[in-house]
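Q: I'm new to this one. Could you take a close look at its charged pairs, and then at where the chains meet?

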Amino acid sequence: MIIDFNNDSHKNTNEYDYCISGAGAAGIALALRLAESGKRVALFEGGDREYSQVSQDIYKGKVTEQNPYWLDLYRLRFLGGTTNHWAGRCRPFVEYDFEEKQINDLPGWPISFEEMNRFLPQAKSILELEEIDTFKIVENTHIESEYFEPDVSASSSIRFRDRFSEELERHSNVDLYLNANLVDIQLEEDLSTIKHFVIQNYNQKKQSFTAPHYIIAMGAIENARILLNCDSQISSGIGNQTNMVGKCFMEHLNIRLGEFVSNKASWGESQSMQFMTTPKLAKEMNTGLSNITFGTVRQIKAYGRTAEIKALFNKLSCQLGVSEHLQFLYEHDCIGEGVISTLCEQFPFKDSKLALIDEKDSFGLRRVELDWHLSQNDIDSIRNMSIAIAEEFAENNLGRVKLSSFITDSSQKIEISGHAHQMGTTRMSASEEFGVVDVNCKVHQTNNLYIAGSSVFSTGGAVNPTMPLLQLTYRLAEHLTSIS
Amino acid sequence: MNYHRRKVLKVGLVSLIGISLLNTKTFSFFKKDDIALKTIGKNSYLVDGWVISKNDLNKREFS
């Protein structure tokens with residue numbers, strides 16, 4: 001059943017086995033899986049069926065000058081969450097992501113690759129990617145490098161709102177509340193057991209919902225923000241006794257490494273090449289993993305804000321025949337033939353963090369300030385990887401790379417932007433000293449509060465986060481059904 | 001004869017000045033043999049931001 005919390009009040013608020021806040025990919029997948037096991041689920045979505053500015057404004061916050069970021073633009077706050085505008089690229093973590101390593105004095109994943117992989121079939125199924133056997137599609141056999149391998153990620157066209165609205169509507173075990181915002185989490189006297197979720201609509205109506213188990217699945221910024229805001233019973237917030245909530249914010253680093261010219265004999269007719277760096281490179285050069293795209297100008301023109309300007313130039317050139325110069329500009333706006341972009345791993349780092357500020361949202365909850373920070377390990381990783389890639393590019397005679405000056409000149413600041421992949425703010429760790437949730441995604445220091453989504457990632461790897469976060473969601477569902 | 005002698009002297013004088021200036025590096029940018037080559041990786045070099053391999057160094061244009 002789908003209930004508009006702006007209009008209807010729900011009298012019996014303690015009939016549920018699970019309360020889940022957040023109806024994005026993780027929340028919807030979890031609710032449906034738990035409901036399949038015969039349990040009653042309340043699923044709360046802060047937004048409506050469609051985008052609304054009043055809901056989206058809840059995401060607003062500040063960002064330090066360290067690196068630019070747009071908290072209220074990247075994610076979407078309505079039914080289906082950010083899958084309403086995602087590109088759909090999917091790839092699971094690789095084995096190397098789960099190898100034991102200590103970076104910036106923080107441990108990596110406390111679970112194994114094999115354990116994570118147990119839930120790959122379920123994640124593939126909900127994304128309708130069952131037919132994908134391998135996520136490595138090697139087309140360019142002329143490349144022989146130990147440092148990177150050609151890669152094409154699978155792509156899912158699933159928009160969770162469109163795909164699952166009907167199922168949520170007719171499922172007798174799920175009540176989906178729209179316009180239902182989690183504004184407080186109340187604890188029992190033991191300060192370890194969650195007593196109820198306080199849910200509020202946009203007309204200031206509040207209602208408490210009670211269940212044996214509670215899950216927050218609101219995205220990496222909001223998961224941390226609600227825990228920090230719930231400070232009426234524990235001054236540091238829920239699950240934050242070791243001051244780890246909001247720490248280790250990670251993104252996938254998008255860096256314009258430079259430009260390139262290609263060797264046509266090696267390149268063929270390809271307009272772009274996408275590579276994954278290998279664990280061998282990561283180990284030898286002390287780098288994170290990375291997904292690197294070499295895109296030719298011809299391909300690049302199809303994307304970004306310059307596309308319209310280029311299209312205009314093209315139209316003028318072709319239709320009016322006014323100037324060969326316009327055509328020249330259209331074809332050659334980069335040095336060389338294309339640019340290199342990346343999806344680089346950012347290492348967990350405590351100084352990359354969220355903190356509450358005095359400014360409040362319309363529910364009276366304090367907003368956050370993001371201090372997105374690279375560690376020296378990240379900076380070294382980016383420079384080492386860039387040089388290794390450029391060197392391999394030349395040795396394989398794929399072409400030649402001109403690196404950006406901030407790569408070759410260590411006195412310059414590396415220019416980064418994100419991919420809207422927010423991760424790590426409630427990271428998983430066996431010990432509460434280094435994380436917020438345990439191996440079962442249960443918040444340390446609580447008995448019945450769990451977190452779903454990419455905020456629990458211990459490390460971010462170099463793959464789009466939706467597939468791994470769904471694997472972890474199904475793992476959480478298995479755990480919850482096993483204990484209740 | 002005077003005309004030719006003057007011309008030879010003039011060309012000679014200009015050439016002498018030119019060679020002297022080049023030797024004092026005033027116009028060293030005319031010389032093509034001072035490309036800055038910096039070792040950047042295990043087997044690679046940086047030339048004006050471009051990364052080239054050791055194999056590239058064996059080619060005429062980079063030697």
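**Charged pairs and a chain contact**

A: Let's start with D162(A), which is exposed, at a relative accessible area of 52% (over 50% is exposed, under 20% buried and anything between partly exposed, with a 1.4 Å probe and protein chains only). This is a predicted model, where local features need pLDDT of at least 70 and side-chain atom pairs pLDDT 80 or more, while totals for chains, interfaces and linings use all residues. Residues are numbered from 1 along each chain as written, chains are lettered from A and ligands numbered from 1 in written order, and side-chain values use heavy atoms, without hydrogens or water.

D162(A) has a partner, R161(A), and the two form a salt bridge whose closest N and O atoms are 2.9 Å apart (a Lys or Arg side-chain nitrogen within 4 Å of an Asp or Glu carboxyl oxygen). R161(A) is the buried half of the pair, with a relative accessible area of 17%.

Another pair is D371(A) and K353(A), whose side chains meet in a salt bridge at 3.7 Å, N to O. This one links distant parts of the chain: D371(A) sits in strand β20 (residues 366-371) of chain A and K353(A) in strand β19 (residues 353-360) of chain A, 18 residues apart (helices, H or I of at least four residues, and strands, E of at least two, are DSSP runs numbered from the N terminus). Here D371(A) is the buried partner, at 16% relative accessible area, while K353(A) is partly exposed at 26%.

Over all chains, the structure holds 20 salt bridges. One of them joins E115(A) to R475(A), with the closest N and O atoms 2.8 Å apart. E115(A) belongs to helix α4 (residues 113-117) of chain A and R475(A) to helix α15 (residues 466-483) of chain A, so this pair ties together parts 360 residues apart in sequence. E115(A) is partly exposed, at 21% relative accessible area, whereas R475(A) is buried, at 10%. These two also have company: E115(A), R118(A), R475(A) and E478(A) are linked in a network of salt bridges.

Now for the spot where the chains meet. Read along its sequence, chain B runs α-β-β-β-α, which gives two helices and three strands. Of its 63 residues, 16% count as buried. Looking at contacts in chain B with a separation of 6 or more, residues 24 or more positions apart account for 0% (a contact means heavy atoms within 4.5 Å).

Where chain B touches chain A, 15 residues come from chain B and 17 from chain A. Together they bury about 1,200 Å², 58% of it on carbon and sulfur atoms (the accessible area, 1.4 Å probe, that two parts lose on being put together, summed over both). On the chain B side, K42(B), W50(B) and V51(B) supply 46% of the area buried against chain A, more than any other three residues. Two elements of chain B, β2 (44-47) and β3 (50-53), each give two or more residues to this side. Of the elements, β3(B) gives the most, with four residues. And how many salt bridges does the rule find across the interface of chain B and chain A? Zero.

One last stop is T425(A), in the loop between α14 (405-408) and β22 (449-451) of chain A. T425(A) is buried, at a relative accessible area of 0%. Not counting residues up to four places away in sequence, the residues T425(A) touches include A220(A), M244(A), F249(A), L354(A) and S455(A).
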